Amino acid sequence: MSLPLLGHAWRAFRLRLLVVAAALALWGMLLPIVYDAFGAEISEILDSGLIPEQFLQFTEFGGGDLFSLAGSVSLGFIHPIAVGLGLVFAVGFAAQAIAGERQRGTLEVLLARPLSRRRVYVTMAVATALFIGLSLLALTLGALGGAALTGRVAELGPGNLPVLWLNAFLLYASFGAISLAASVSFDRLAPAIGLSLAFVLVSYFLDVIGDLWPDAEFLQPFSLFHYLDARGALSGLPEASNFVVLGGVVAVAVGYALVVFPRRDLAAPS
Amino acid sequence: MTTTLHPDGPAIATHGLGKRYGRDGVPALADLDLTVLRGEIFGFLGPNGAGKSTAIRLLLGFLHATTGQATVLGHDIARDSVAIRRRVGYLPGGIAFWDELSGERLLDELAALSGQPPILRQELLDRLELSAATLRRPVRAYSRGMRQKLGIIQALQHDPELAILDEPSEGLDPLMQRAFYAILDERKAAGRTIFFSSHVLSEVERVCDRVAIVRHGRLVALEDVATLLTRRKRQVEVRLRAGSVPALAGVPGVSDLVVDGQRVSCRLEGEVGPFLAALAGAEVVDLTIEPANLEDAFLEFYADDAEGDPSPTMVDAS
């Protein structure tokens, strides 16, 4: 790893990190507060039988809901707003890390230094992990803050938050690793970012459709979002297989990039 | 695997170096045999698309050779690319920077990435007239010439043993070009090696010890600049008094001889001495020998292209 390059990436993206982290912290804080304000009423409505049984499946999504604290925190992690903010670095930063520099012509200046391509890649992977980790830390701490504001810290079980953070981190790290693999494979940013976003969107779609339509449930294991089990993590009973699958995806994507990037020809930018 | 280093060996040595692109194997460079000696300024000439940048990118490990091999400062380009770049300063053609940084910050970051102190930076800044106030501005506000100066400084600021410069004087005004040539002369005097590609022939003629000319990916000439100039055919015009036209047809180096009354014109290649000796008995009123310049020598190499392929776009900046 190159510390000067990591420092360069940090200085270039720290403001964006601050904005994203602040937004995620606020978002994380919001859902426990919403639960505290309306959770009981929502639960009563659901229990009253007013909502037909067929529609009850729509009240839960990705293991999240608004009628339990763990459910509201889980919903916060899988909600499109959180996903979108999480992808700022998992896709936005990672996909441009190599392909973006290449397109701008700055990869030449970088690789004119005594840095191997593997070292450049590893540094960018560490930067991606750092940005993702700090963003999700803000989300996790936001949830803790929201629980604290409503006096429900004990109900949340703060001891399980590191497991939740790790599960979410591995999910976004897998997206980051895939985006970096795309980034080392293309000379231009558009295909790298397009491929990465397409992968995330298809993955999200498979998870959502499997949640909302029981006949499509078999599709969920093909989605990486399926392996984010926030409720399980918060209950203290996370499934080890989730971590293994996500860790495996990261390992495969990193391995691919470490093999492909040094072998690529970097012709003069057009 | 390590490379056996020869501290006194050539700065660059290539043997049959070649590169083909794509599935069709379009050759961008073929069988390049080249030796650049330490301490010389070496010009790498050719029109756009001739293979200059491909050769440079092969030397720096950006591309992988399809055929042949090469060493830079004794390091094998296929195995020791990082070691090469530790000892080389590189200016890419049409250089791009992280534009949001200030010039000063950019030079600091690039020096940190190089891992070597920028011992020549202040001197280069002074010589190329980049002020402290300019360096505080973001690079995005720089003109093309200022960006090129920054590119030259980042390539040379750590006093590399070998500088590889791709079209280095592009965008520099004539005064700055002169300052840049003086910098090159000083680096050479300090024992450094300069390898630069160009299509500005006047600058190659001005600063280079030797030149290589590539055409369609192949080396077509590798000469001392002086030899190249000697070999080129100069245009000669002689005006004589009536009745004193000497026999010039058999003089070594003379061709295309035209005698029109008292006016004689011809092409002269090589030494001037035999031609002047042949004129010795004649009454010469006027004699004009067009100075040899590299542009003409170069265009002679490209004479075949004159009709069908206008690609040699050489520029004389003088």
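Trainee: In this predicted model, what does helix 1 of chain B lie across?
Mentor: Helix 1, residues 52-59 of chain B, lies across strand 1, strand 2 and strand 4 of that chain. Its direction makes an angle of about 115 degrees with strand 1 of chain B.

Trainee: Which sheet do strands 1, 2 and 4 of chain B belong to, and what makes it open?
Mentor: They belong to a sheet of four strands in the order 2-1-4-5, with antiparallel pairing. The edges are held by strand 2 (26-36) and strand 5 (75-76) of chain B, and each of these pairs on one side only.

Trainee: How do you know that strand 1 and strand 4 of chain B pair?
Mentor: Two strands count as paired once there are at least two bridges between them. Strand 1 (residues 12-21) and strand 4 (residues 67-72) of chain B have five bridges, in the antiparallel sense. The five bridges satisfy the rule, therefore the two strands are called paired. Among the bridge partners are Ile12(B) with Val72(B) and Thr14(B) with Ala70(B).

Trainee: Why do strand 4 and strand 5 of chain B count as joined?
Mentor: Strand 4 and strand 5 of chain B run antiparallel with two bridges. The rule asks for at least two, so this pair qualifies. Thr71(B) stands opposite Asp76(B) in strand 5. The hairpin of these strands has two residues between them, and Leu73(B) has a positive phi near 50 degrees.

Trainee: Which strands form the open sheet with strand 12 of chain B, and in what order?
Mentor: The order is 12-13-11-14 in chain B, four strands with antiparallel pairing. Strand 12 and strand 14 (284-289) each have a single partner strand, so one side of each lacks a neighbour in the sheet, and that places them at the edges. On average, neighbouring strands here are turned by 15 degrees against each other, direction ignored.

Trainee: What joins strand 12 to strand 13 of chain B?
Mentor: Five bridges join strand 12 (residues 254-260) to strand 13 (residues 263-269), and the two run antiparallel. Val254(B) has Leu268(B) as its bridge partner. In their hairpin, with two residues between the strands, Gly261(B) takes a positive phi near 70 degrees.

Trainee: How many bridges join strand 11 to strand 14 of chain B?
Mentor: Strand 11 (residues 233-240) and strand 14 of chain B are antiparallel and joined by five bridges. In strand 14, Asp286(B) stands opposite Arg239(B).

Trainee: What area do chain A and chain B bury between them?
Mentor: The two chains bury about 2,300 Å², with 56% of it on carbon and sulfur atoms. On the side of chain A, His8(A), Arg113(A) and Pro114(A) lose the most area to chain B, together 28% of what that side buries. The contact takes 28 residues from chain A and 24 residues from chain B.

Trainee: Why is the link of Glu108(A) with Arg57(B) called a salt bridge?
Mentor: The closest N and O atoms of Glu108(A) and Arg57(B) are 2.6 Å apart. The cut-off is within 4 Å, so the pair meets the definition. The count between chain A and chain B is three salt bridges. For polar contacts, the rule finds 17 residue pairs across the interface, both residues at pLDDT 80 or more.

Trainee: Which helices of chain A each supply at least two residues of the side that touches chain B?
Mentor: They are helix 1 (3-48), helix 4 (80-104), helix 5 (106-111) and helix 11 (240-263) of chain A. Helix 5 gives the most, with five residues. The residues of this side of chain A divide into 13 nonpolar, five polar and ten charged.

Notes: Residues numbered from 1 in each chain as written. Chains lettered and ligands numbered in written order. Predicted model: local features only at pLDDT ≥ 70, side-chain atom pairs only at ≥ 80, totals over all residues. Heavy atoms only, no water. Contact = heavy atoms within 4.5 Å. Axes fitted to C-alpha atoms, helices over the stretch in contact; angles between N-to-C directions. Buried area = accessible area lost by both parts, 1.4 Å probe. Salt bridge = Lys/Arg side-chain N within 4 Å of Asp/Glu carboxyl O. Polar contact = N/O pair within 3.5 Å; in protein donor to acceptor, adjacent residues only side chain to side chain. Nonpolar A, V, L, I, M, F, W, Y, C, P; charged D, E, K, R; others polar.
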